[in-house]
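I opened this model to look up a few places in turn. My notes follow in the order I took them.

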Amino acid sequence: MEIQLWREILTPYDLAVKELIVKFEHLIYEHRSQGLYSPIEQVTGRVKTIASILDKAQKKKIPVNEIEERFVDIAGVRIICQFVEDIPKVVDIIRRRTDMEVVKERDYINHMKDSGYRSYHVIVNYEVQTLHGNKKIKVEIQIRTLAMNFWSTIEHSLQYKYKKNIPDHIREKLTNAANAIISLDNEMSSVRSEIMDAQNSFQIHTKLVSDILNNLQNLYGVANEREVLKIQDEFYRIYELNDIDQLKRFCRELDIIAEGYRVQSFTTEEM
């Protein structure tokens with residue numbers, strides 16, 4: 001098959017990956033903008049290279065004209081979570097979406113591979129609109145923790161270097177590292193509530209400060225400069241106290257002032 005034709009084949013897969021990354025990133029934004037904890041920490045994606053596709057097809061003895069039908073990982077999206085407990089939440093989010101159809105699930109969290117690999121895979125059908133019409137694409141979504149992703153990245157590099165024949169002494173170290181990753185995830189889970197509380201407090205604090213500064217900026221153009229400077233000094237005083245309740249009170253009072261001038265920040269939400 002000509003290289004140019006391969007590029008035409010892979011273009012819809014590239015579109016699917018880009019669209020899904022935007023959608024999952026927007027989920028992160030929606031959670032955080034509402035002061036909620038997001039089970040998704042970050043999202044990445046990729047389309048397999050032509051060389052990688054051909055290499056896999058050759059090893060599995062799959063004819064070139066059957067690749068699209070039989071491969072489920074030409075398009076791949078990786079969702080990274082902070083905690084193991086977040087993974088089933090993300091899976092549930094995917095199951096409930098109407099813009100993708102779950103075809104298959106593979107649980108390598110509770111059924112770890114012999115190599116030590118852990119992740120949760122969801123194969124979905126996702127429809128894209130192209131210049132030549134609609135096309136349904138299979139996408140493999142991998143969901144794992146930050147620790148699992150670190151191990152997997154190292155293991156993948158070693159697999160590439162040793163052409164799938166990793167020496168026994170290195171494989172043993174990988175197994176030990178995989179066990180350490182399990183321990184790390186378990187330890188993180190044991191302090192999950194404290195970490196989530198700290199992160200939520202930080203997000204609320206950040207949003208309050210952003211809303212206050214937006215309102216102050218808007219007031220500069222319409223209110224008495226001396227009044228605005230006085231409000232600004234009060235903000236600095238409260239900010240130094242590091243008291244979230246006082247900061248909330250100040251934000252509400254500033255909203256009332258800004259509303260009177262019809263320059264209220266529209267990003268402010270009840271907290």
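**Cavity.** I searched this predicted model for closed spaces and found one cavity of 30 Å³ or more. I looked up its volume: the largest cavity holds about 40 Å³ of space. Next I listed its lining. Gly116, Arg118, Met148, Trp151, Ala178, Ile181 and Ile182 line the largest cavity. I then asked which elements give two or more residues to that lining. They are α5 and α6, the latter spanning 168-190. The largest share comes from α6, with three residues.

**Pocket.** I turned to the open spaces. The largest pocket has a volume of about 1,500 Å³. I counted 37 residues in the lining of the largest pocket. Which of them lie nearest its centre? I noted Lys48, Ser52, Asp73, His156 and Lys164. I also wrote down the elements that give two or more residues to this lining: β1 (42-47), α2 (50-59), β2 (75-81), β5 (133-145) and α5 (146-161). Helix α5 gives the most, with six residues. I had already met α5 in the lining of the largest cavity.

**Helix α9.** I looked up α9 next, at residues 244-260. I found 17 residues in α9. From first C-alpha to last, α9 reaches 25 Å, close to the 24 Å expected at 1.5 Å a residue.

I checked which residues of α9 are buried. My list reads Leu247, Lys248, Phe250, Cys251, Leu254, Asp255 and Ala258. I looked down the axis of α9: its buried residues fall within an arc of 165°, so they line one face of the helix. On the other side of α9, I noted Asp245, Ile256 and Gly260 as exposed. What covers the buried residues? The cover includes α7 (192-220) and α8 (225-241).

I then looked at the two ends of α9. Asp243 caps the N-terminal end. One of its side-chain oxygens lies 3.0 Å from the backbone nitrogen of Asp245. After α9 comes Arg262, and I noted that its phi is positive, near 60°.

**Ile195.** I picked one residue in α7, a helix I had just listed as part of the cover over α9. Ile195 is found in α7. Is Ile195 buried, exposed or partly exposed? I read a relative accessible area of 21%. The cut-off for buried is under 20% and for exposed over 50%, so Ile195 counts as partly exposed. I looked up its contacts, leaving aside neighbours within four places in sequence, and found Phe83 and Met188. I also took one distance across the model. The C-alpha atoms of Ile195 and Thr11 are separated by 41 Å. Along the chain, Ile195 and Thr11 are 184 residues apart.

**Ser38.** My last entry is for a loop. Ser38 lies in the loop between α1 (3-33) and β1. I had noted β1 earlier in the lining of the largest pocket. Is Ser38 buried or exposed? Its relative accessible area is 4%. That is under the 20% cut-off, so Ser38 is buried. I followed its side chain and found that Ser38 reaches the backbone oxygen of Ile40 at 2.7 Å. What does Ser38 touch, not counting residues up to four places away in sequence? I wrote down Ile28, His31 and Arg32.

Conventions. Residues are numbered from 1 along each chain as its sequence is written. This is a predicted model: local features need pLDDT of at least 70, side-chain atom pairs count only at pLDDT 80 or more; totals for chains, interfaces and linings use all residues. Side-chain values use heavy atoms; hydrogens and water are left out. Helices (H or I, at least four residues) and strands (E, at least two) are DSSP runs, numbered from the N terminus. The expected span of a helix is 1.5 Å times one less than its number of residues. Buried means under 20% relative accessible area, exposed over 50%, partly exposed in between (1.4 Å probe, protein chains only). The arc is that of the directions from the helix axis to the C-beta atoms. Contact means heavy atoms within 4.5 Å. A polar contact is a pair of N or O atoms within 3.5 Å; within protein, one must be able to donate a hydrogen and the other to accept it, and residues adjacent in sequence count only if both atoms are side-chain atoms. On a 1 Å grid over the protein atoms alone, a cavity is a set of points where a 1.4 Å probe fits but cannot get out, and a pocket is an open set with protein on both sides within 12 Å along at least five of seven lines; lining residues have an atom within 4 Å of a point. Grid points are joined across faces, edges and corners, and a volume is the space filled by probe spheres set on the points.
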